[in-house]
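Thanks for coming, everyone. Please have a look at what is on the screen, and then I will take you through it.

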Amino acid sequence: MTDFTYAVDADGVATITWDVQGKSMNVLNLDSRDLLESFIDKALADPAVKGVILTSGKKDFAGGMDLNIIAKMKESAGDDPARGLFEGIMAFHALERKIELGGMDFKTKKGGKPIVAALPGTGLGIGLEIPLACHRIIAADNPKAKIGLPEILVGIFPGAGGTTRLVRKMGAMAAAPFLLEGKLSDPKKAKAAGIIDEVVAPDQLLARAKEWVLNATDADIVKPWDAKGYKMPGGAPYHPAGFMTYVGASAMVHGKTMGVYPAAKALLSAVYEGALVPFDTALKIEARWFTNVLMNPSSAAMIRSLFINKEALEKGANRPKVDDQTVKKVGVLGAGMMGAGIAYVSANAGIEVVLIDAAQDAADRGKSHAEGILDKGMKRGKVSAEKKAEVLGRITATTDYAALKGCDLVVEAVFEDMGVKAEVTAKAEAVLGKDAVFATNTSTLPISDLAKASGRPDHFIGIHFFSPVDKMLLVEIIKGRETGDIAVAKSLDFVRQIRKTPIVVNDARFFYANRCIIPYINEGIRMVAEGVEPALVENAAKLVGMPLGPLQLVDETSIDLGVKIAKATKLAMGDAYPDGAVDAVLFAMADQGRLGRKSNAGFYAYDEAGKRTGLWDGLASAYPAADTQPELTEVQHRLLFAQVLEAVRALEDGVLEDIREGDVGAILGWGFAPWSGGPFSWLDMLGAARAVDLCDALVTQHGDRFTAPALLRDMAAKGESFYGRFTTKAQAA
Ligand code: NAD
């Protein structure tokens with residue numbers, strides 16, 4: 001194993017170089033941790049070594065911890081997984097403390113060896129926690145590098161010493177955005193914030209690190225918190241300034257997380273309790289809270305969906321085994337809201353784009369949309385003038401279909417109309433080469449029906465983006481009846497190029513995401529019609545971790561779109577259509593011109609600047625509140641089951657083929673309670689038997705739409721979970 005190598009130069013400086021073979025990014029696992037420790041021991045024990053440089057052989061330092069080790073640590077202690085975790089975490093702390101003390105005599109603080117972290121690029125998670133234990137962090141001036149502790153974003157927190165050290169280095173208030181929001185910075189900003197100590201020209205990195213090591217004094221290697229008289233920056237919790245910070249932070253975290261994210265609360269507890277005690281005890285407290293979080297099913301589910309499975313899908317877990325289908329030139333038909341967004345993300349990823357609309361000014365407007373996004377990026381210092389010119393230079397806005405020649409992929413985003421879509425399909429295919437793939441961005445029309453307009457339905461597919469295209473991370477790829485492997489692989493390779501996360505589903509009404517989100521909106525509106533307080537509906541949704549309540553969501557997506565979808569669904573379903581009560585409210589709102597945010601009036605009221613001012617008071621007179629209001633949990637169960645039962649039906653129907661896609665797609669596509677890890681993870685947490693019982697109770701009170709699907713009943717009878725039943729050995733590995 002050669003994840004780290006060790007060399008000592010003629011001046012007595014040892015260099016430990018991190019370079020995981022066969023991987024583009026360094027990631028720490030248990031074996032490599034042991035190897036690093038053995039090299040630290042060797043350097044500290046060798047009288048010829050004056051100090052150590054810890055660096056990387058790659059362009060970046062490290063991307064973090066291999067989160068699969070969490071499972072290994074749990075398993076290591078048999079039936080006491082918490083002990084396995086705690087001891088595993090403490091072993092990381094011990095290694096970092098060894099680095100931090102550098103072999104010094106703790107009493108006199110003398111005789112230690114300086115250890116410097118030299119970061120050529122990105123250092124994330126444990127890739128920053130280890131440097132924080134070093135005596136100095138020097139980073140190369142690499143504006144592309146990201147420095148930070150993003151653990152909170154996958155449902156955990158920096159528990160390998162990062163929390164305790166950052167707070168003691170910067171103060172709780174200054175550390176808050178980096179710990180609680182996972183804020184990342186480039187090296188210069190990280191230096192300005194006080195996270196790292198020095199930024200130097202990339203070619204000077206190792207020379208400067210060596211110079212520092214050779215000149216470091218005993219005092220240089222004593223961390224402030226190990227020195228006499230240390231005071232925490234910004235004040236400890238019992239100091240008046242500190243007191244304000246902790247009370248404020250607690251309220252802010254609760255307001256932001258609605259109390260559903262265990263990691264944020266645990267982090268705050270670790271920070272607060274740790275600030276009251278000496279450093280080594282604080283590390284132990286951090287390890288205990290970290291263990292607590294890792295034992296929480298929410299964190300395990302978030303790690304599984306947002307880290308492990310999201311990455312697996314991005315790397316092509318469900319990609320057919322065919323040759324590379326990287327897209328070089330894409331055609332985008334329709335330069336409206338969606339088409340313009342698709343053109344921008346493609347050009348931004350280095351793909352040549354032909355953006356076509358019926359009239360030149362419409363095509364030009366689409367290109368201006370891209371310009372607008374780039375201008376915003378420039379204002380925020382994220383985009384350079386050259387980059388803007390480069391991206392815009394890749395977009396040709398035209399009305400001429402002949403320009404599509406040479407495109408290997410075309411995505412159409414013209415009006416949602418079968419005839420218009422058929423016309424542009426034929427026009428494009430007349431110009432395209434025989435291997436090119438044609439994709440539709442339709443939200444509602446069946447892919448297999450649209451494919452009838454194509455001369456080669458095996459090269460026809462759905463690539464469904466979400467709005468706004470530049471921000472939304474999910475792309476739904478939809479296979480029609482005749483879609484072939486090349487079209488699927490091309491779509492997946494395209495989504496990888498534009499750095500989004502794909503799910504691949506089969507063709508059925510509303511595909512996957514919209515199929516689940518529509519019942520959520522409808523359940524919220526149905527409750528308003530029943531006399532449930534609209535504020536109870538909205539707050540119940542947010543308190544269970546939904547980013548938007550159903551009424552706010554329909555205001556955002558527009559009420560007339562809801563009306564359109566309802567009418568089309570009714571037409572297709574005939575007498576079986578179950579949502580008459582919803583339509584009574586929805587249609588009445590539309591009739592009054594309350595179309596949602598776009599008309600500055602909907603379930604919410606808005607001021608002239610378009611800012612929401614609160615729920616519309618007209619709702620109270622149109623739908624008077626019932627005398628008895630339901631319990632909060634009943635409202636939450638109605639809102640959650642409306643979505644998750646649809647997800648289970650999508651799996652039963654074969655629309656979803658992989659529960660990982662169902663979970664990842666739900667969180668990224670419509671923000672389904674991320675703390676839960678997704679609909680299937682949530683049902684697994686409940687247990688199938690309890691889920692069935694809750695469904696039965698909801699059916700009695702609220703109707704057949706809550707009928708537990710046969711699959712869920714079968715699982716309940718057999719005591720199975722979704723991840724137990726549907727995860728193959730290969731996926732679990
Ligand atoms: P839009 O009305 O903003 O844009 C449609 C564009 O297509 C217009 O610029 C129009 O001029 C152009 N167009 C119409 N006929 C054309 C033709 N024959 N040749 C070339 N261009 C033509 O609509 P949109 O919101 O961007 O939606 C486009 C597609 O994306 C629809 O199929 C819609 O269902 C789907 N979609 C929309 C959303 C959304 O949130 N709006 C989300 C996902 C998918």
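Start at G350. This glycine sits just after helix α13, and its phi is positive, about 90°. Keep in mind that we are looking at a predicted model.

Now step back into the helix. α13 covers residues 337-348, which makes 12 residues. How far apart should its ends be? At 1.5 Å a residue, the expected span is 16 Å. The end C-alpha atoms are 17 Å apart, so the model agrees with that expectation.

Is α13 enclosed or open? Of its 12 residues, 10 are buried, so the rest of the structure largely encloses this helix. Buried here means under 20% relative accessible area. The buried set starts with M338, G339, A340, G341 and I342. Then come A343, Y344, V345, S346 and A347.

Next, the wider layout. There are three domains to point at. Domain 1 runs 4-295, domain 2 runs 329-509, and domain 3 runs 514-727. Between the C-alpha centres of domain 1 and domain 3 there are 42 Å.

On to the interior. Which residues have the most contacts inside the largest nonpolar core? They are L333, L404, Y512, F603, F641, F680 and F722, in a core of 176 residues. Helix α25, residues 632-652, gives this core its largest share, with 10 residues.

Take F680 as one example. Leaving out residues up to four places away in sequence, F680 touches Y512, A647, V648, L651 and L656, among others. Its contacts also include I659, G662, D663, F722 and Y723. There is a second core too, separate from that one. It has 38 residues, including V332, I373, L409 and V488.

Last, the whole protein. The secondary structure comes to 31 helices and 21 strands. How compact is the fold? The radius of gyration is 28 Å, close to the 27 Å that the globule rule gives for 733 residues, so the protein is as compact as a globular protein of that length. Along the principal axes, the C-alpha trace spans about 85 × 65 × 55 Å.

Buried residues account for 55% of the 733. As for contacts, take those between residues at least 6 apart in sequence: 72% of them join residues at least 24 apart. And the surface? The protein exposes about 30500 Å², with 56% of that supplied by carbon and sulfur atoms.

That is my tour. Over to you for questions.

Methods: Residues are numbered from 1 along each chain as its sequence is written. This is a predicted model: local features need pLDDT of at least 70, side-chain atom pairs count only at pLDDT 80 or more; totals for chains, interfaces and linings use all residues. Side-chain values use heavy atoms; hydrogens and water are left out. Helices (H or I, at least four residues) and strands (E, at least two) are DSSP runs, numbered from the N terminus. The expected span of a helix is 1.5 Å times one less than its number of residues. Buried means under 20% relative accessible area, exposed over 50%, partly exposed in between (1.4 Å probe, protein chains only). Domain bounds come from an automatic or database domain assignment. A nonpolar core is a set of buried Ala, Val, Leu, Ile, Met, Phe, Trp, Tyr and Cys residues joined through side-chain atoms within 4.5 Å. Contact means heavy atoms within 4.5 Å. The radius of gyration is taken over C-alpha atoms; the globule rule is 2.2 Å times the number of residues to the power 0.38. Accessible areas come from the Shrake-Rupley method with a 1.4 Å probe; for residues, only the protein chains shown count as cover.
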